[in-house]
Amino acid sequence: MPRFAANLSMMYTEHDFLDRFAAAAADGFRAVEYLFPYEYPAEEIARRLREHGLTQALFNLPPGDWAAGERGVAALPGREAEFAESVQQALRYALATGCRRLHVMAGRVPEGADRDAMRRTYVANLRHAAQQLAPHGITALIEPINTRDMPGYFLNFQQQAHEVVAEVGATNLKVQMDLYHCQIMEGDLLMRLQRHLTGVGHLQIAGVPHRHEPDTGEVNYRWLFDEIDALGYDGYIGCEYRPRGATSAGLGWFAPYKDVQS
Ligand SMILES: O=C(O)C(=O)[C@@H](O)CO
Ligand SMILES: [Mg+2]
């Protein structure tokens, strides 16, 4: 049975961030994920997780200057020291919250940039991150993202991500396969899951193309969840979607799975 993590950056935004933990637990979620915890003390987040019996499934490393449009720095030559510091900051939060997966964002390709140099930087930074996280049993993840939502993002395709993982050669580096992005860029979701699932450390979902509830749009997730189960996937599926209205009112799709979450 699929285990879902409510994405608290997109879901429950009708509540203040720290109150979203209680709201997700009240709706039957046993795990959560979100983009960034860094505005809040790690101990306060840990307390909310404990209080509501939630597992922290995933969050992201600091992404550079998000407000200025940056989307990670791992593939940006010249930003290595900042990247190394971001690994340490994320690690502190991961240890405090018991989180075992960290998403490392690559960044956008600057105008006129040398993509080969970016790839070399990306591989070296990912190797560094994996080495730092390995003693703590934490896995680093990289996620191909669609070019419509995030123009210029360095990593866009599943095969490309698995090739980077192979080149880095660390057992605690895997791919975060967001089926929303994958459907937009490549489609053929089941075949791609079959081909790549052993190298996937986290799945995410949303209706396509509007990124609403998974029972909206062109992907038949109900059917796909059974196939993902049959493939033996036992990780989390992050619900990274923007509810059409009130979050709880849109959870009809979750009802068949709610009582078997762990
Ligand atoms: O946008 C997504 O999809 C993510 O998973 C984020 O972590 C990156 O914006
Ligand atoms: Mg995602």
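Glutamate 143 counts as buried in this predicted model, because 22 C-beta neighbours fall inside 10 Å, and a residue qualifies as buried when 20 or more other C-beta atoms lie within 10 Å of its own. According to an unreviewed UniProt entry, the feature "active site" is placed at Glu143 and Glu240. Although these positions are spread over 98 residues of sequence, they cluster in space, with a largest C-alpha distance of 13.0 Å.

**Glutamate 143**

- Along the chain, glutamate 143 is found in the loop that runs between strand S5 (139–142) and helix H5 (158–168).
- When residues up to four places away in sequence are left out of account, glutamate 143 touches His103, Gln176 and Asp178.

**Glutamate 240**

- Glutamate 240 is located in the segment that comes after strand S8, which is formed by residues 236–239.
- Glutamate 240 also counts as buried, because 26 C-beta neighbours are inside 10 Å.
- Its contacts, again not counting residues up to four places away in sequence, are with Asn7, Met10, Asp178, Gln204, Ile205 and Ala206.
- Asp178 therefore appears both among the residues touched by glutamate 143 and among those touched by glutamate 240.

**Surroundings of ligand 1**

- Both annotated positions, Glu143 and Glu240, belong to the residues around ligand 1, and the remaining members of this shell are Leu35, Asn60, His103, Ile145, Asp178, His181 and Gln204.
- By class, the shell around ligand 1 divides into two nonpolar, four polar and three charged residues.
- Which residues around ligand 1 are also touched by glutamate 143? They include His103 and Asp178, which are listed both as contacts of glutamate 143 and as residues around the ligand.

**Annotated domain**

- The unreviewed UniProt entry assigns residues 21–255 to the annotation "domain: Xylose isomerase-like TIM barrel".
- Within residues 21–255, 38% of the span is helix and 14% is strand, while the C-alpha atoms at the two ends lie 19 Å apart.

**Packing of helices H4 and H5**

- Helix H5, which follows the loop holding glutamate 143, meets helix H4 (residues 115–133), and the two axes come within 9 Å and cross at roughly 65 degrees.
- The crossing of H4 and H5 is right-handed, and the contact is made by Tyr122, Val123, Leu126, Arg127 and Ala130 on the H4 side and by Val164, Glu167 and Val168 on the H5 side.
- In terms of residue class, this contact of H4 with H5 has six nonpolar and two charged residues, with no polar ones.

Notes. Residues are numbered from 1 along each chain as its sequence is written. Chains are lettered from A and ligands numbered from 1 in the order in which they are written. This is a predicted model: local features need pLDDT of at least 70, side-chain atom pairs count only at pLDDT 80 or more; totals for chains, interfaces and linings use all residues. UniProt positions are given in the numbering used here, feature names are shortened, and annotations may be inferred rather than shown by experiment. Helices (H or I, at least four residues) and strands (E, at least two) are DSSP runs, numbered from the N terminus. A residue is buried if 20 or more other C-beta atoms lie within 10 Å of its own, exposed if 12 or fewer, and partly exposed in between; C-beta atoms are placed from the backbone. Two residues are in contact if their C-beta atoms, placed from the backbone, lie within 7 Å. A residue is near a molecule or strand if its C-beta atom, placed from the backbone, lies within 6 Å of it. Ala, Val, Leu, Ile, Met, Phe, Trp, Tyr, Cys and Pro count as nonpolar, Asp, Glu, Lys and Arg as charged, and the others, Gly among them, as polar. Axes are lines fitted to C-alpha atoms, for helices over the stretch in contact, and angles run from 0 to 180 degrees between N-to-C directions. A crossing is left-handed if the near helix is turned anticlockwise from the far one by less than a right angle, and right-handed if clockwise.
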